[in-house]
Amino acid sequence: MYVYDEANNLAKAIQESKEYLEYKKAKESLNQNLELKQKIDEFEKIRYEVQVMAFQGDKESEEKTLKLQEMYNMLVQDAKIKEYFDIEVRFNIMLADVNKIISESVKDLL
């Protein structure tokens, strides 16, 4: 089916994109440094908790959000972590843009 062929082509294009390749390389490099990986894993865990709490309207999310911001400010003092976060943001922006393009194409149905 044509749509599935195009979806597979898009998946391949994403995997060949500069953003994907840089993010993959940064992740692999990060995974080799246990200390940095643990710091980022802890940050990601708290970020997820904050997102869930905010989605549920939990007022305690404000306190965790402040903790998350403090943690982020501390983490980005490390050049390797800052670079990782910057690369991650570029990758996520690309994915968001692709999702927006697809969503726009069917917005008249939603």
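In helix α5, the side chains of Lys82 and Asp86 form a salt bridge, with 3.0 Å from N to O. The structure is a predicted model. This briefing covers the salt bridges, a surface patch, the largest pocket and one pair of residues from separate parts of the sequence.

**Salt bridge within helix α5**

- Lys82 and Asp86 are four residues apart in helix α5, so about one helical turn separates them.
- Lys82 is partly exposed, because its relative accessibility is 39% and the partly exposed class runs between the buried limit of 20% and the exposed limit of 50%.
- Asp86 also counts as partly exposed, at 28% relative accessibility.
- Another group of residues, Glu44, Arg47 and Glu88, is joined into one network by salt bridges that share partners.

**Salt bridges between helices**

- Side chains of opposite charge can pair when their charged atoms come close.
- The count of salt bridges in the model is nine.
- One of them joins the side chains of Glu22 and Arg90, at 3.6 Å from N to O.
- This pair links distant parts of the chain, since Glu22 sits in helix α2 (residues 18–31) and Arg90 in helix α5 (residues 79–105), 68 residues apart.
- Glu22 has a relative accessible area of 27%, which makes it partly exposed.
- Arg90 is partly exposed too, with a relative accessible area of 41%.
- Lys64 and Glu49 also meet through their side chains in a salt bridge, at 2.4 Å from N to O.
- Here, too, distant parts of the chain are linked: Lys64 belongs to helix α4 (residues 61–75) and Glu49 to helix α3 (residues 34–55), with their positions 15 residues apart in the numbering.
- The relative accessible area of Lys64 is 28%, in the partly exposed class.
- For Glu49 the relative accessible area is 24%, and this residue is partly exposed as well.

**Nonpolar surface patch**

- A nonpolar patch on the surface is formed by Met1, Tyr2, Val3 and Tyr4.
- Together these residues have about 570 Å² of accessible area.
- Tyr4 is part of helix α1, which covers residues 2–16.
- Is Tyr4 buried or exposed? Tyr4 counts as exposed, because its relative accessibility is 55% and the exposed class starts over 50%.

**The largest pocket**

- Rolling a probe the size of a water molecule over the atoms shows where empty space is left.
- The largest pocket holds about 230 Å³ of space.
- Residues that line this pocket include Glu22, Lys25, Ala26, Ser29 and Leu30.
- Also among the lining residues are Asn33, Leu36, Lys80, Glu83, Tyr84 and Ile87.
- Which helix gives the most to the lining of the largest pocket? Helix α2 does, with five residues.
- Helices α2 and α5 each supply at least two residues of the lining.
- By class, the lining has five nonpolar, two polar and four charged residues.
- Glu22 therefore appears in two places in this briefing: in the lining of the largest pocket and, as a partly exposed residue, in the salt bridge with Arg90.

**Glu42 and Met71**

- Glu42 is located in helix α3.
- At 34% relative accessibility, Glu42 is partly exposed.
- How many residues apart in sequence are Glu42 and Met71? They are 29 residues apart in sequence, and 9.5 Å apart in space from C-alpha to C-alpha.

Definitions and conventions. Residues numbered from 1 in each chain as written. Predicted model: local features only at pLDDT ≥ 70, side-chain atom pairs only at ≥ 80, totals over all residues. Heavy atoms only, no water. Salt bridge = Lys/Arg side-chain N within 4 Å of Asp/Glu carboxyl O. Buried < 20%, exposed > 50% of the residue type's maximum accessible area, 1.4 Å probe, protein only. Patch = residues over 30% accessible without salt bridge, like charges linked within 9 Å, V, L, I, M, F, W, Y side chains within 5 Å. Areas by Shrake-Rupley, 256 points an atom, 1.4 Å probe, with all protein chains shown as cover. 1 Å grid on protein atoms, 1.4 Å probe; cavity = no way out; pocket = protein on both sides within 12 Å on 5 of 7 lines; lining within 4 Å. Points joined across faces, edges and corners; volume = space filled by probe spheres on them. Nonpolar A, V, L, I, M, F, W, Y, C, P; charged D, E, K, R; others polar.
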